[in-house]
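Trainee: Could we walk through this one together, from the helices to the cores and the rings?
Mentor: Sure, ask away and we'll reason it out as we go.

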Amino acid sequence: PAIEGLTPDLPLHTLWSQADAARLRAQACPGRHLVVVGGGILGLEAALRAREANLEVTIVERMSRLMPLQFGTDGSTVIQSTLESIGVQVLTDACLVAVGRHGEGVRLTLANREPLQADLMLLAIGAQPNLALARAAGIETDRGICVDGRLRTSAPLVLAAGDAAQMGTMPRCSVRSATIQGRLAGANAAAAAAGTPLQEHDNHEYPVFFKSRELELYAIGKTVSDMLTESRLDDGAQPGRYRAVVKQGAALVGVQMIGTREGFDGLASQLEILRDA
Ligand SMILES: Cc1cc2nc3c(=O)[nH]c(=O)nc-3n(C[C@H](O)[C@H](O)[C@H](O)COP(=O)(O)OP(=O)(O)OC[C@H]3O[C@@H](n4cnc5c(N)ncnc54)[C@H](O)[C@@H]3O)c2cc1C
């Protein structure tokens, strides 16, 4: 949803480049209150580093749980408890709708909640590819540039790869995926020019890994939903630790672990590839 009042005079940060990180770090003085908007991997990492620098930190997430794309409710609860144990305040079901100036800081208006005041705010709510060039060229776009299984766009001899390309319902935003797609797009462009067969993208799931002193996360594939069941592999007795698999019938379609990587790689290699196209 749109956020009202986003103007350059506010103490508002995004993380896109090293210079952005340096600007935020320069403002991150102990005792200041940072609100991180977005409870994905980028928001979590920023929150952890800000706590390390002795800032007061609040994460605002519009979904009902942290890392909603990678973890189900039980896993996210473990992540949230770990963050809260080091003093990070977590607000879920909290959708930022407007921002405005509050003294030297910022006032955040949240849907159905009390407003928040902060010295600094980091927006970590994802990025959209710039599709202007593709649209101007009449190439089919959705959230990204639509490509088929061979990375061909709707225009003859034009291929797309990486964060800008959308195969299925969502673009995939990872270095590994972009690198593999880039290689394939190059090979397929050469094959198309030579009139030889194009190769199919393997459509693998790629894991999300995160490891820091306070929190360790490993996730691949689908999360629990109405159609998919989740089974816990540990007894839940150790705080901050979580191991679970997600199945569709008998097929393994997701693996999620927190605080341990025990058995993750073996299970991930057995994952059934689910095509979302
Ligand atoms: C803060 C941050 C942290 C991240 N951390 C991770 C991580 O830990 N692990 C991970 O796997 N991924 C991470 N990512 C995601 C990762 O950076 C991207 O998935 C990856 O860079 C995508 O590669 P790409 O080549 O598709 O796009 P990009 O790296 O964005 O490269 C696209 C290039 O195209 C150029 N360009 C755009 N439009 C045009 C045009 N019209 N003409 C010519 N050039 C153009 C751009 O300037 C840019 O240089 C992170 C992203 C961010 C922002």
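Mentor: One thing to have in hand: the expected span of a helix is 1.5 Å times one less than its number of residues. Also keep in mind that this is a predicted model.

Trainee: Okay, what span would you expect for helix H3, and what does H3 reach?
Mentor: Helix H3 covers residues 73-85, which gives it 13 residues. At 1.5 Å a residue, the expected value is 18 Å. From its first C-alpha to its last, H3 reaches close to that, namely 18 Å.

Trainee: Which residue just after H3 takes a positive phi?
Mentor: Look just past the end of the helix, where the phi is about 95 degrees. The residue there is Gly87.

Trainee: Which residues of H3 are buried, and what covers them?
Mentor: The buried ones are Gly75, Ser76, Val78, Ile79, Gln80, Thr82 and Leu83. Their cover includes helix H2 (41-52), strand E3 (56-60) and strand E4 (89-91). It also includes strand E13 (216-221), strand E15 (242-248) and strand E16 (251-258).

Trainee: Which residues does Leu83 touch, leaving out those up to four places away in sequence?
Mentor: Leu83 is one of the buried residues of H3. With the sequence neighbours set aside, Leu83 touches Leu44, Leu48, Ile59, Leu66, Val88 and Val90.

Trainee: Where does the largest nonpolar core lie with respect to the domains, and why?
Mentor: That core has 28 residues, and those with the most contacts inside it are Leu44, Ile79, Leu83 and Leu217. Strand E2 (33-37), H2, E3, H3, strand E8 (120-123), E13 and E15 each supply at least two residues, with H2 giving the most, five. Since both domains give residues to this core, it lies between domain 1 (12-123) and domain 3 (208-269).

Trainee: And how many residues does the other core have?
Mentor: That core lies apart from the largest one, and its members include Ile3, Val35, Ala94 and Leu123. Its residue count is 16.

Trainee: How far apart are the C-alpha centres of domain 2 and domain 3?
Mentor: The domain assignment puts domain 2 at 132-194 and domain 3 at 208-269. Their C-alpha centres are separated by 31 Å.

Trainee: Is Ser177 in helix H5 buried or exposed?
Mentor: Ser177 sits in H5, which runs over residues 175-194. Beyond neighbours within four places in sequence, Ser177 is in contact with Arg172 and Tyr206. Buried means under 20% relative accessible area. Ser177 has 1% relative accessibility, so Ser177 counts as buried.

Trainee: Now the rings: how is the aromatic pair of Phe209 and Tyr218 arranged?
Mentor: Planes over 60 degrees apart count as edge-to-face. The rings of Phe209 and Tyr218 are 5.3 Å apart centre to centre, with 70 degrees between the planes. That makes the pair edge-to-face.

Trainee: Which pair links distant parts of the chain?
Mentor: One partner is in strand E12 (residues 208-211) and the other in helix H6 (residues 264-269), 55 residues apart. Their rings are also edge-to-face, at 5.9 Å centre to centre. The pair is Phe209 and Phe264.

Trainee: Which of the clustered rings is partly exposed?
Mentor: Phe209, Tyr218 and Phe264 form one aromatic cluster. Tyr218 is buried at 4% relative accessibility, and Phe264 is buried at 1%. The ring residue with a relative accessible area of 40%, and hence partly exposed, is Phe209.

Trainee: Which residue has its charged end over the ring of Phe209?
Mentor: That charged end sits 4.4 Å from the centre of the ring. The residue is Arg261.

How values were computed. Residues numbered from 1 in each chain as written. Predicted model: local features only at pLDDT ≥ 70, side-chain atom pairs only at ≥ 80, totals over all residues. Heavy atoms only, no water. Phe/Tyr/Trp six-rings, centres within 6.5 Å; stacked < 30°, edge-to-face > 60°. Buried < 20%, exposed > 50% of the residue type's maximum accessible area, 1.4 Å probe, protein only. Helix = DSSP H or I, 4+ residues; strand = E, 2+ residues; numbered from the N terminus. Lys NZ or Arg CZ within 6 Å of the ring centre and 35° of its normal. Domains from an automatic or database assignment. Contact = heavy atoms within 4.5 Å. Core = buried A, V, L, I, M, F, W, Y, C linked by side-chain atoms within 4.5 Å.
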